[in-house]
Amino acid sequence: MSDSERDRRERARRLRARPIEERVPDVRDGLTRIERVVLWKLRELEEERGGRAVSSAQLYGRVVEHVNLTPDELQRVLARLAGRGHGI
């Protein structure tokens, strides 16, 4: 089995292990709980920094206080929110 196949299977296993309320998009806006937390913390950090850009490391530190995810999972969420991703 290749490394990419192993990574894909590990991501799928981690996703299945998440509670259903974290995986299913809300009917009102299509966001998952994780996406909502990411956007909430991003806005909070931008306000603290006077509108300046926020590094993904800073954002990760704030997000993991509320949801359990890896830095790679955060990057996939950010890509999807920016319209460049195809799922978690």
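These legends accompany close-up views of salt bridges in a predicted model.

**View 1. D29 and R36 pair through their side chains.** Welcome to the first of our close-ups. The salt bridge here has an N to O distance of 2.7 Å. D29 is partly exposed, at 42% relative accessibility. Its partner R36 is partly exposed as well, with a relative accessible area of 32%. Side chains of opposite charge can pair when their charged atoms come close.

**View 2. K41 and E44 form a salt bridge within helix α3.** The N to O distance in this pair is 2.7 Å. Helix α3 covers residues 33-48, and the two partners sit 3 residues apart in that helix, so about one helical turn separates them. Is K41 buried or exposed? At 6% relative accessibility, K41 counts as buried because the cut-off for that class is under 20%. E44, at 25%, is partly exposed.

**View 3. R43 and E47 meet in a salt bridge on helix α3.** Here the N to O distance is 3.1 Å. The spacing is 4 residues, again about one turn of the helix. Both R43 and E47 are exposed.

**View 4. Shared partners link several residues into one network.** Which residues does this network join? K41, E44, E48 and R62 are connected by salt bridges that have partners in common. The K41 and E44 pair from View 2 can be found again here, with its N to O distance of 2.7 Å. For anyone keeping count while browsing, the structure holds 6 salt bridges.

Key:
Residues numbered from 1 in each chain as written. Predicted model: local features only at pLDDT ≥ 70, side-chain atom pairs only at ≥ 80, totals over all residues. Heavy atoms only, no water. Salt bridge = Lys/Arg side-chain N within 4 Å of Asp/Glu carboxyl O. Buried < 20%, exposed > 50% of the residue type's maximum accessible area, 1.4 Å probe, protein only. Helix = DSSP H or I, 4+ residues; strand = E, 2+ residues; numbered from the N terminus.
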